[in-house]
Amino acid sequence: MRHLDRHTLAHAAAGVLAGVAGMSAAHLTAALLTPASSPALAVSTAVIDATPTPVKEWAVRELGSADKPILIGSVLLVTIAFAAVIGVVARRRLRLGVGLMAGLVLLAGAAVVRQPLFEVANLVPTLVALVLGPAVLVLLTRALTVERTPSHRSDTPSDSAATRRSVLIGFGALALLSAAAATGGQLIVRGRTALADIMLPRVRDPLPALPAGLEETHQGISRFITRNRDFYRVDTKLAVPIVDQNSWSLTIDGDVERELTFSYDDLRARENVEYDITLTCVSNEVGGKLVGAARWTGVPLKELLDEAGVGGRADQILSTDVEGFTISTPLEAAMDGRNAMVALGMNGEVLPRTHGFPARLVVPGLYGYVGATKWVTRLTLTRYDEATAYWTDRDWAIDAPIKLSSRIDTPRPLSNIPSGRTVIGGVAWAQHHGVAKVDVRIDGGRWQPAELGPDAGIDYWRQWFLPWDAQPGSHQLAVRVTDRDGNVQSDARATPFPDGSSGIQEIVVTVT
């Protein structure tokens, strides 16, 4: 039985290596062509599209930015498990094993074909896996068959050991080559996503530098300006689109007097503007981290729409990204005077690829799923009863104004802090309305006004803090915000679906 188990495991390992070799070579090929055409990423994207909304919400809430690597890892683990079974099948019936391996690759190829902007060239990585995976399975299966088959005419114990050693060396070499291919693919993608030699366009009326935030004096409060590398990222992309700014363009069409197309250089040549705007993901729970504040550089959206001439029928902007993903934005939000823009820069740098290079929409006051299309390439003016977008097809709300909310950054929930003089602090946002005041409640007592940090306008968050003489024991801390129109943050609890979370954050800390 032990001898049987050893050979079964060896064939399972052969199946795994064959599958990994195919996937790694396909990933390397996709990195050189179009990263999203990697079969593993295509399958993972298909899983995202098929996942029920409650499960997606759970993943974003619990996993945050780690949801994508965890999903890809899960798909790879399932694929590896199937490959191991295929390897065991191939031990007895090699042709069946090869057929199953080819079928596994073809299933991934079907996910590639289903991508919105599929091109025949996107099948090249799948074809590489289709050839390499079964071929490696045949080679390894035959090598294992030779290794375990005795030849009474010539084999000696030393010959058998040498054969086994050769097989092990072959397995190890193949594993190393597969790892090198996968790593090489990642390095190529990373290199291709790097931006160099692109300068921000000139700005019409540069804003003064933002003042120092409260984080300078009160440790634990979120930075007044969210650094680009720290800015949250929630989207459906498993591979960041690699867009050539020289061939990219932005088209405005639909219910307009004249269809317009702008190149990247066209937008850069215009007098750009700067706006300080906070963005929030609709999946952000009360007290969550899916919110960030930045200074954006770009072209006012209304200027572009006015040049195209807005018709009289449209009530939405259906924006499309470079891979065919769509988002619906209320047309009124682009035309009512708010600082909506087509952004080309972020915090004094060219827009990072992970945040939408070459251009993205930024519409203050709206959750990202209706107002922050990244990698945007088309703006179509149309009607909600004529065209729907990715998220509205999944029953998310059409109008999505960001709800009043506030967050306690320090002390941390469930933390232990020393007694004595300290501060309770955090951030609050009332986007497109402005923060008027923030109140803090301790142990269910009266609401106490907190001190506010610097003001960067109605579209930007405010930092806040309240000095606290912390006494030993367990304490409950709560925070709420009031906007400049007198609206107070609601204490009614609501989950993010379908139009954003609400409620008062209340945490428990222990003072020792």
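## Thr482, the cores and the whole chain

Thr482 is buried, because its relative accessible area is 8%, under the 20% limit used for that label. The model described here is predicted.

Thr482 belongs to strand S18, which covers residues 473-483. Leaving aside residues up to four places away in sequence, Thr482 touches Gly434, Val435, Ala436, Lys437, Asp439, Asn487 and Val488.

Next come the nonpolar cores. The largest one has 60 residues, and the members that touch the most others are Ile252, Leu267, Leu301 and Tyr369. Helix H9 (residues 301-308) gives this core its largest share, 4 residues. A second core, separate from the largest, has 21 residues, among them Leu404, Ile442, Ala470 and Val481.

What does Tyr369 touch, not counting residues up to four places away in sequence? The list is Val282, Ile327, Trp391, Trp396, Ala397, Ala400 and Pro498.

The table gives values for the chain.

| Property of the chain | Value |
|---|---|
| Helices and strands | 11 helices, 19 strands |
| Box filled by the C-alpha atoms, along the principal axes | roughly 95 × 70 × 45 Å |
| Share of the 512 residues that count as buried | 51% |
| Exposed area | about 23,300 Å² |
| Distance between the mean positions of the 49 positive and 52 negative charges | 11 Å |

Carbon and sulfur atoms supply 58% of the area that the chain exposes. Among contacts between residues at least 6 apart in sequence, 75% join residues at least 24 apart.

Definitions and conventions. Residues are numbered from 1 along each chain as its sequence is written. This is a predicted model: local features need pLDDT of at least 70, side-chain atom pairs count only at pLDDT 80 or more; totals for chains, interfaces and linings use all residues. Side-chain values use heavy atoms; hydrogens and water are left out. A nonpolar core is a set of buried Ala, Val, Leu, Ile, Met, Phe, Trp, Tyr and Cys residues joined through side-chain atoms within 4.5 Å. Buried means under 20% relative accessible area, exposed over 50%, partly exposed in between (1.4 Å probe, protein chains only). Helices (H or I, at least four residues) and strands (E, at least two) are DSSP runs, numbered from the N terminus. Contact means heavy atoms within 4.5 Å. Accessible areas come from the Shrake-Rupley method with a 1.4 Å probe; for residues, only the protein chains shown count as cover. Lys and Arg count as positive and Asp and Glu as negative; His and the chain ends are not counted. The place of a charge is taken as NZ of Lys, CZ of Arg, CG of Asp or CD of Glu.
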